[in-house]
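Student: I would like to go through this assembly with you, asking at each step what entitles us to the words we use.
Tutor: Then let us look at it together.

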There are 6 protein chains.
Amino acid sequence: MPSIRVELLPGRTNDQKRAFAEAVTRESVRILNCVPEDVEIIYTEVSRDDWAVAGKLLSDPKGD
Amino acid sequence: MPSIRVELLPGRTNDQKRAFAEAVTRESVRILNCVPEDVEIIYTEVSRDDWAVAGKLLSDPKGD
Amino acid sequence: MPSIRVELLPGRTNDQKRAFAEAVTRESVRILNCVPEDVEIIYTEVSRDDWAVAGKLLSDPKGD
Amino acid sequence: MPSIRVELLPGRTNDQKRAFAEAVTRESVRILNCVPEDVEIIYTEVSRDDWAVAGKLLSDPKGD
Amino acid sequence: MPSIRVELLPGRTNDQKRAFAEAVTRESVRILNCVPEDVEIIYTEVSRDDWAVAGKLLSDPKGD
Amino acid sequence: MPSIRVELLPGRTNDQKRAFAEAVTRESVRILNCVPEDVEIIYTEVSRDDWAVAGKLLSDPKGD
């Protein structure tokens, strides 16, 4: 607690995922007053074919 | 807002995903009174091995 | 299948939720080739205090 | 109803997933008083690179 | 790991939620070979107004 | 993108939620190279009756 889910586009390295997990955990401890062991983060990579905004897939060319 | 997640079996084409995103966005605007840019849809494909109903995996032969 | 989750701001009536469920189910059948009985939709109302974009809660006054 | 999502590390066999779905469905019927056909379970396998606890990826060597 | 989410209709008692959590944890240990401390379960109660199947809200009278 | 969900125990103030959203957005921009407007965070408060670890509800007295 907190249990955090992060949906993001593919392409981030393990170093980025580790650094982001470290930062979010540090800020959870600082702001939400929990202990690091209680902070769980799960990343889900979502391809541009599977992510739509305003009725368009992110993989669609702009201006379509 | 709305933020929509769609879990579905594999096999739909990008054309189907695009057409469904267009339709759901149009209906969100019409019925839920939001603007297209606020409608986010994420598809998650779930294999039949990972989807169970009534205690059976969808990949199990019928009648098992 | 599909199993759909809709996060949205509070304030929609049951009539709107019913109409949106009908429309999304109809479009699932038409575009994703499934049967109505397989379409499950769950709404989650999220208060503006609990929804943040660009680091601001939606309940924060604009321009803050 | 209930609709259940299970996030777990990769490596379980279909037999384990089937057995767990059977057990969870049986316990849903026994304890939550529902019928087997109403129990839906979706598994999501999460790699150790995508799962962090206490600011560390599960794929990181211990003691890092 | 596993991290489990259970969406269900309102009305179960804490005793039922505790008994179901005990049963699911026991079966996770037995079948998925994990330790009890790794099994996290979160319940989300979903009202019948917010749950739709086949385009109908569960709160709608049957036969509508 | 990223789209972030935070499940946490009740009791945090709007100031804490705002500060955490600011921090997570800042770190998303810094580490994941996205723009603030793309960072969406939704909080879900989960009562101790609805959160179980190792087969016990968090609302259960310790040592039960």
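What follows is a conversation about chain contacts and strand pairing.

Tutor: A caution comes before anything else: this is a predicted model, in which local features need pLDDT of at least 70 and side-chain atom pairs count only at pLDDT 80 or more, while totals for chains, interfaces and linings use all residues. Residues are numbered from 1 along each chain as its sequence is written, chains are lettered from A in the order in which they are written, and side-chain values use heavy atoms, with hydrogens and water left out.

Student: How do you know which residues of chain F and chain C are in contact, and how many are there?
Tutor: Contact means heavy atoms within 4.5 Å, and by that rule 14 residues of chain F are in contact with twelve residues of chain C.

Student: What is the area buried between chain F and chain C?
Tutor: Buried area is the accessible area (1.4 Å probe) that two parts lose on being put together, summed over both; here the value is about 1100 Å², with carbon and sulfur atoms giving 48% of it. Asn14(F), Arg18(F) and Ile42(F) supply 35% of what chain F buries against chain C, more than any other three residues.

Student: Why is the meeting of Asp60(C) and Arg18(F) called a salt bridge?
Tutor: The term requires a side-chain nitrogen of Lys or Arg within 4 Å of a carboxyl oxygen of Asp or Glu. The N to O distance between the side chains of Asp60(C) and Arg18(F) is 2.8 Å, so the pair satisfies the rule. The count between chain F and chain C is three salt bridges.

Student: What makes S3(C) and S2(F) a pair of strands?
Tutor: Strands are DSSP runs (E, at least two residues), numbered from the N terminus, and two of them pair if DSSP finds at least two bridges between them. S3(C), residues 51–53, and S2(F) have three bridges, in the antiparallel sense, so the criterion is met. In S2(F), Ile42(F) is the bridge partner of Trp51(C).

Student: Why do S4(C) and S4(D) stand at the edges of the sheet?
Tutor: Eight strands form an open sheet of mixed pairing, in the order S4(C)-S3(C)-S2(F)-S1(F)-S1(A)-S2(A)-S3(D)-S4(D). S4(C) and S4(D) each have a single partner strand, so one side of each is left without a neighbour in the sheet. Two bridges join S3(D) to S4(D), antiparallel, and Ala52(D) stands opposite Leu57(D).

Note on methods: Helices (H or I, at least four residues) and strands (E, at least two) are DSSP runs, numbered from the N terminus.
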